[in-house]
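Q: I would like to learn how to read a few features in a protein model. Could we take them one at a time?

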Amino acid sequence: MAQRSQSASTRAVIEDRLTAATIVISATTGKIISIFHSVLEASSFPAGTPYTDYSPHVLLPGLVDAHVHLNEPGRTEWEGFWTGTRAAAFGGVTTVVDMPLNAIPPTTTVAGLKEKIAAAQGQCWVDVGLYGGIVPGNVHELKSLVRGGVRGFKGFMIDSGVEEFPAVSSEDIAAVFEELADEPTTVMFHAEMIPPVSASIGDDVQFSLPPLVPSGPLDRYQTFLDSRPSSFETYAIAEVLSLAHLAPKLPLHIVHLSATEAIPMIREARAKGVKITTETCFHYLSLAAEQIQEGDTRHKCCPPIREQANQDGLWQELLDMNDSVIKTVVSDHSPCTPNLKLLPAHVPGAESGLEASDQSNGDFFSAWGGISSVGLGISVLWTEAMRRSLPTDETLRNIAMWCSVNTAKQVGLERQKGALKVGMDGDVAVFDDEAEFEVQSNAMLFRNKCSPYQGKTVKAGFSEKTGPAEKDRVTIAGRPAMATIEDDDERLLARIGYKQELKREFNKWSTVSYAISLLGVLGSQPATYGVPISLGGPATAVWAWFIGSVMAMVIASCVAELVSAYPTAGGMYFVTKQVVPPEHVAIWAWIIGWCNFLGQATGVASLAYTIGQMILAGASLNSGYSDGSYGYSPTAAQTVLVALLTLVVFGAICSLTTKALHRVVLWFAPINILATIGICIALLILTPDKRSARFVFTDIEDHSGWGSKGFSFLLGFLNVAWVMTDYDGTTHMSEETHDAAVRGPLAIRLAVLVSGVLGWLLNITFTFCLTPDYMNDIVASPTGLPIAQIFLNAGGRAGGTAMLFFVILVQFFTGATALLANARMTYAFARDEALPFSSFWSKINATTGTPVNAVWLVVVFCGCLNLIGIGSTETITAIFNLCAPCLDLSYVAVLFAHQVYAHRVQFIEGPYTLGKWSKPLNILAISWVVFISVVLFFPTTRPVTATNMNYAIAVAGFVGIFSLGWWWAGARKKYTGPRTQDIMSMVDTFEREDYA
């Protein structure tokens, strides 16, 4: 690994100068180790050293947004560390400082501080600092919070809007000043108070309720603005200044100054020696009251956005760089869920189905106050500056001062943040001042896409930041393109410990299509429909699928939570490393990896085999029927031959480039869904003699011979267990998917939901189409495939063949996607030296950019499994029966380890989490899989003979003995588990000596 990296440009803001520069950053410490005031050539540095010339874009110090509400823990539906800091990185922000309120608990105690630090671990895309809060009665906590590392304190002088963070009185402020008089901290105020001016205003205004005598309709912005005049701010600031003498050395700060009327009094106080500064916000500098439409509560904030003349006054003060009282510009990102904004339907971002009455929609007094803008601020600021025709070079220097240098100083980080200097953190932002984009959801990376900037065209922008473990990484942006998400994914993969080798081409739709196709309900469900009806009767097929689908959703949700945190090609196999103590990782990962590999391989082999069965059943269907049999009856060897040819075609498809795979897979799900619905409709219309609802939903039989309808019903779960599995198959494509930590879990859950519903519809439809003597007419059909007989009965030879064609086509899609998942798992397994000749199998093909060798290893292995079918149908059936138990057991083993070792191994959640339901759902998933796996290892019929024996348990035992024997024979000396660079510990959100 290179020990340093170089970033160069003809324009860089270095110590308040715009100059050419080459910045050298240590890869070990993340610090700037030298700066050359010219653009050096790459040849000036040792060969292999990372070097990028970003000319003509501007190198700025990473921005420090000193006013952000991240709301975690407690209100993560509003915002969270993961989404908020990622949005910040999009806008060139490399450090955010989180406000103490809107999270539950607020950061008003040491316990609350520790809880917030714990919540932030592993979730932050940028450096994060925390403020402490001032509320009535917490004076005794303040010094401990200073020792804990908070970057300052904030108190409200008016109702905050959340009950856990009440406003402070003048007496409270006096006590705080006395307590913190000699502490190295800053005390900040939301400075609004109701002055004793008019009874028509009333105390209700401080709770954002309408005044006693409103000046107009409540959905008109001017009415709201009239209720919070500038005197609210001037009166509160005057109160703070009157108490400043109690702590003359204590720095004071007014947050989000809106009213220009307060500027003279602050300037006068500073002239008298009061240590007070103030900030303003991007929205006060870019939005004006005259432009706000009726009901557009996206603009509501407190203090309010004022008139254009007030905005002009703020700019005038800000541009007085020598004497301005406004030292910093921040976002005051204060989001909420869209429903709390009470937006009318015509306003972008409005949430449909609100329970509030039409009269309350657009009510500025009832709506939550706060502007969502983190990551957009500098683009907004630059756009407004250019509109005002301000000098380009001077504005670049000013932005660095307002949003980096001074904000870092405000929170006590001026020795490491806010400037491009030797010895400082290598936080470099690449600014494209010529770019232009429209603010839409792809540019609003915060959780809830509800912002007054939506739909506006802004100029310039940023992309990523360079974080604590990656201060040598600088990437260019300025446009909210998919590359932004791709870079985030690559960075997350690097944090996990793997190099990005595969190309990310899968988007949201191809990922969902892949996940749905992986389950392939129209192909796989018909292939095994005969099992439940032949064992437990018609109702078993219906209700076993329903119950199994519900449990599949439970398991899938638990899997999704884990792989959301660690989206790698290894899937649940890799997650093992993050939930098991280091000394046990190797053996756990070995067993889980082999279970997953074997389960997927047997699944792929069985899919190819069933395609062979269905193709030859179609041939039989069209061969002519006489004397109780068809003219053509396929042999086992012929079925295996078709299966082998199918595997070769699978391999050819899976050897394509990722972009080609994305384009192909995109069509799989639509065809699957439309064909399923079409076949259901066709069968219900064309089948002449359908069964009753009572037959379909209540008729449970004991066809298994076990003497128990209940046990026969349980054996019927083989159908749904075989189809609804391989949940983490989608995750094996994570390293080729944009925004994998979010889209992977979503695709997994959506696929189970869609497949569960479609599969249930198919089961119900097929069961309505059974004959009275279905055991002889359907189960024992001469076609060799029960569903083929159902199609034949409904559509005749032509119609039945057409329906069977779509089943085969979808099953083909399923087989191709399953082999793709198996190949990526093989690649991940080989990458960790878990296979013989691992370096060969993990090699990325230079032409396709995909692990082609791993693809053909899977083809050959699955082909060998299928060859067994020539000699023994019972043995190959037993091997195929391993698919569901092996996969499900590999999942629940990780879930089990996660629960058992939770007290020893801290798990860092990803974007998708089950929250308080995580543990109970994990326990339910584990219990269900263990129970149903035991059932599915039983012989399906009695009396048990050599022919009908379920040999799955014997095959599983053989594989278990083989893999464990190999482990003890020598693998344990070489294999250490997933082989990552152990850099997760380097990306902690906080450095204790610097933050908290």
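Q: What is the handedness of the crossing of helix 21 and helix 27?
A: The model is predicted. In it, helix 21 and helix 27 cross with left-handed geometry. Helix 21 covers residues 668-686 and helix 27 covers residues 786-831; they pack at about 160 degrees, and their axes are 10 Å apart. Angles over 145 degrees count as roughly antiparallel, so helix 21 is roughly antiparallel to helix 27.

Q: Which residues of helix 21 and helix 27 make the contact?
A: On helix 21 the contact uses Phe668, Ile671, Asn672, Ala675, Ile679, Ala682, Leu683 and Leu686. On helix 27 the residues include Ile790, Phe791, Ala794, Gly795, Met803 and Phe806, and also Val807, Leu809, Val810, Phe813 and Thr817.

Q: How many residues of the contact of helix 21 with helix 27 are nonpolar, polar and charged?
A: There are 16 nonpolar residues, three polar ones and no charged ones.

Q: Next, the sheet. In what order do the six strands of the open sheet lie?
A: The order is 9-10-11-12-13-14, with parallel pairing. Strand 9 (132-134) and strand 14 (326-330) are the edge strands, each with pairing on one side only. On average, neighbouring strands of this sheet are turned by 30 degrees against each other, with direction ignored.

Q: How many bridges join strand 9 to strand 10, and how many join strand 13 to strand 14?
A: Strand 9 and strand 10 run parallel and are joined by three bridges. Ile134, for example, has Gly155 of strand 10 as its bridge partner. At the other edge strand, strand 14, four bridges connect to strand 13 (residues 276-281), again in a parallel run. There Glu279 has Thr328 of strand 14 as its bridge partner.

Q: What lies across strand 13 and strand 14?
A: Helix 7 does, and helix 7 runs at about 150 degrees to strand 13.

Q: How should I read the two faces of a strand, and which residues of strand 10 are on each side?
A: In a regular strand, side chains alternate between the two faces of the sheet. In strand 10 (residues 153-156), Phe153 and Gly155 are on one side, and Lys154 and Phe156 are on the other. All four are buried, and both faces of the strand are covered.

Q: Now the backbone. Which peptide bond to Pro56 is cis, and which residue does a cis bond join to Pro73?
A: Omega is the torsion to check. The bond from Ser55 to Pro56 is cis, with omega near 5 degrees, and Pro56 sits in the loop between strand 4 (51-53) and strand 5 (58-61). Glu72 is joined to Pro73 by a cis peptide bond with omega of about 5 degrees. Pro73 belongs to the loop between strand 6 (63-68) and helix 1 (81-90).

Q: Phi is another torsion to check. What is phi of Glu15, and is Glu15 buried or exposed?
A: Glu15 is not a glycine, yet its phi is positive, near 50 degrees. Glu15 lies in the loop between strand 1 (4-14) and strand 2 (17-26). Its relative accessibility is 55%, so Glu15 counts as exposed.

Q: What is phi of His256, and is His256 buried or exposed?
A: His256, also not a glycine, has a positive phi of about 30 degrees. The loop holding His256 runs between strand 12 (252-254) and helix 7 (263-271). His256 is buried, because its relative accessible area is 1% and the cut-off for buried is under 20%.

Key:
Residues numbered from 1 in each chain as written. Predicted model: local features only at pLDDT ≥ 70, side-chain atom pairs only at ≥ 80, totals over all residues. Heavy atoms only, no water. Axes fitted to C-alpha atoms, helices over the stretch in contact; angles between N-to-C directions. Parallel < 35°, antiparallel > 145°, perpendicular 65-115°, else oblique. Left-handed = near helix turned anticlockwise from the far one by under 90°. Contact = heavy atoms within 4.5 Å. Nonpolar A, V, L, I, M, F, W, Y, C, P; charged D, E, K, R; others polar. Buried < 20%, exposed > 50% of the residue type's maximum accessible area, 1.4 Å probe, protein only. Pairing = 2+ DSSP bridges.
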